[in-house]
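Work through the following exercises with the sequence and the structure at hand. Each task is followed by a solution in steps.

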Amino acid sequence: MCCKVMRIPELAKEPNLWCMHCVRGQGCERYETRPGSCREFQCMYTTSPTLTPAWKPSECKFVMQWEPGGGGRLSIHVDTQRPDAWKKEPFLSTFHQWAADGVAQNMQVCVFVGRRVYVVMPDRMVDLGEVGPDEVIMTRATQTPRGLVLEPFKVSKDDPRARAAMDAQAAHGTP
Ligand code: SF4
């Protein structure tokens, strides 16, 4: 599934198209010489022993990737031929729970269906619409009399808020 849904810059492979080197039913025809992006990619299904077989990407039709930096982001890349696969159970309630568990460190749970991005919050989903390559996803935290309110939003990479966040990440040595 990662050979379909992920972007592979070295091959100019766009997301949601099968890689030219993927032989269906067999795998990568150039595994020993696969690009760096493929070598470095770590599928959460292979690194999280607690995930049941239902989470296997070929079954659930999405690929999960942990991205460090800032509070961290769980990115869920969905096969656009099954755009609602991530909304099924046990997936959606688990995403809400992970979002709740990550509130303290400002972690994001983002679902990518092509260019369309949904941010899963502890209690709801926020549809950000299409997010371009020149935009970043941020979360605004506001303390209110009812407690902390989190609101995700998209902003240009050139926006001072985005630059400040990226500088802060660099200062802490995170990508
Ligand atoms: S080069 Fe191989 S591992 Fe990389 S996306 Fe293509 S088929 Fe998959």
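**Exercise 1. Describe the chain as a whole.**

The model is predicted. Start with secondary structure: the chain holds 6 helices and 9 strands. Next, take the radius of gyration, which is 17 Å; the globule rule gives 16 Å for 175 residues, so the chain is as compact as a globular protein of that length. Along the principal axes, the C-alpha atoms fill a box of roughly 55 × 35 × 30 Å.

**Exercise 2. Quantify burial, surface and contacts.**

Buried residues make up 39% of the 175 in the chain. The exposed area is about 10300 Å², with 53% of it supplied by carbon and sulfur atoms. For contacts, consider residues at least 6 apart in sequence: 42% of these contacts join residues at least 24 apart.

**Exercise 3. Determine how strand E5 is placed.**

Strand E5 spans residues 108-113. Apply the burial cut-off, under 20% relative accessible area. By this test 6 of the 6 residues are buried, so E5 is largely enclosed by the rest of the structure. Then separate the faces: Gln 108, Cys 110 and Phe 112 lie on one side, Val 109, Val 111 and Val 113 on the other, and both sides are covered. Finally, look for a partner: E4 (residues 73-78) runs parallel to E5 and is joined to it by 5 bridges. Ile 76 has Val 111 of E5 as its bridge partner.

**Exercise 4. Characterize the surroundings of the ligand.**

List the residues around the ligand: Cys 3, Leu 11, Cys 19, His 21, Cys 22, Cys 28, Pro 35 and Cys 38. Sorted by class, this shell has 7 nonpolar residues, 1 polar residue and no charged ones.

Methods:
Residues are numbered from 1 along each chain as its sequence is written. This is a predicted model: local features need pLDDT of at least 70, side-chain atom pairs count only at pLDDT 80 or more; totals for chains, interfaces and linings use all residues. Side-chain values use heavy atoms; hydrogens and water are left out. A residue is near a molecule or strand if one of its heavy atoms lies within 4 Å of it. Ala, Val, Leu, Ile, Met, Phe, Trp, Tyr, Cys and Pro count as nonpolar, Asp, Glu, Lys and Arg as charged, and the others, Gly among them, as polar. Helices (H or I, at least four residues) and strands (E, at least two) are DSSP runs, numbered from the N terminus. The radius of gyration is taken over C-alpha atoms; the globule rule is 2.2 Å times the number of residues to the power 0.38. Buried means under 20% relative accessible area, exposed over 50%, partly exposed in between (1.4 Å probe, protein chains only). Contact means heavy atoms within 4.5 Å. Accessible areas come from the Shrake-Rupley method with a 1.4 Å probe; for residues, only the protein chains shown count as cover. Two strands pair if DSSP finds at least two bridges between them.
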